[in-house]
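Please look over the structure shown here, which is a predicted model, before reading the short report beneath it.

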Amino acid sequence: MIESSMKVGGSGVIVGIDESKFGKRKFHWGKRVQGKWVFGGVERETGACFMKVVADRTTDSLLSVINEYILPGSIIISDCWKSYDCLSNEGFVHLKVNHSVSFKDPDTGAHTNTIEGTWGAVKRGIPAIKAKCQLDYYLAEYVWRKKISTFATNSWRSTDSIICIYPSQTADKEPQEAAT
């Protein structure tokens with residue numbers, strides 16, 4: 001259940017992917033210059049999403065996250081970042097948008113507006129100073145809130161839904177009982 005709840009996409013389902021830098025802006029103005037890279041994706045129809053802090057934007061780093069979070073057979077829409085060139089060979093249908101020409105491909109209609117808008121919403125909710133040390137928690141909260149907003153019923157306890165959507169990254173050890 002955890003595995004399927006974390007994955008987005010599927011055969012014929014459109015997923016927009018992108019990477020964005022989160023961090024502090026110089027003099028609180030302009031583009032963010034210091035911080036961490038976050039890679040994410042949003043399913044076009046449902047809004048289901050994933051986000052993960054990555055060390056770099058290399059093909060190996062991004063492809064491992066794509067294989068972890070996106071189901072095979074998905075239609076992936078991205079910009080023309082070179083690290084995405086291998087997606088067609090990995091079992092995905094890959095559509096590109098060349099942002100230096102237009103923001104919507106005139107031939108295919110592909111665009112990355114969904115994920116780009118998501119970055120804006122996430123960044124507005126994270127204080128820049130917190131992005132340095134607590135970014136993972138803010139991203140997990142955003143993904144969780146997005147996921148529970150799509151549930152038709154509130155039958156899940158909130159802790160159960162958090163664990164199911166964003167399992168712990170720590171070792172699976174049981175807490176030790178206090179010595180009596």
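The report below takes up one helix, a cavity and a single residue in turn.

## Helix α3

Helix α3 covers residues 113–124, and its 12 residues reach 17 Å from the first C-alpha to the last, which is close to the 16 Å expected at 1.5 Å a residue.

Within this helix, Ile-115, Thr-118, Trp-119, Val-122 and Lys-123 are buried. Viewed down the axis of α3, the buried residues fall within an arc of 130 degrees, so they line one face of the helix.

## The second largest cavity

A search of the whole structure finds two cavities of 30 Å³ or more, and the second largest of them holds about 30 Å³ of space. Its lining is made up of Gly-16, Val-42, Arg-44, His-111, Thr-112, Asn-113, Thr-114 and Ile-115.

The largest contribution to the lining of the second largest cavity is that of α3, which gives three residues. By residue class, this lining divides into two nonpolar, five polar and one charged. Ile-115, one of the lining residues, is also among the buried residues of α3.

## Glu-116

Glu-116 belongs to helix α3 and is partly exposed, because its relative accessible area of 34% lies between the 20% under which a residue is buried and the 50% over which a residue is exposed.

Leaving aside residues up to four places away in sequence, Glu-116 touches Asp-18 and His-99. The C-alpha atoms of Glu-116 and Gly-16 are separated by 8.9 Å, although the two residues are 100 residues apart along the chain; Gly-16 is also one of the residues that line the second largest cavity.

Notes. Residues numbered from 1 in each chain as written. Predicted model: local features only at pLDDT ≥ 70, side-chain atom pairs only at ≥ 80, totals over all residues. Heavy atoms only, no water. Helix = DSSP H or I, 4+ residues; strand = E, 2+ residues; numbered from the N terminus. Expected span 1.5 Å × (residues − 1). Buried < 20%, exposed > 50% of the residue type's maximum accessible area, 1.4 Å probe, protein only. Arc of directions from axis to C-beta. 1 Å grid on protein atoms, 1.4 Å probe; cavity = no way out; pocket = protein on both sides within 12 Å on 5 of 7 lines; lining within 4 Å. Points joined across faces, edges and corners; volume = space filled by probe spheres on them. Nonpolar A, V, L, I, M, F, W, Y, C, P; charged D, E, K, R; others polar. Contact = heavy atoms within 4.5 Å.
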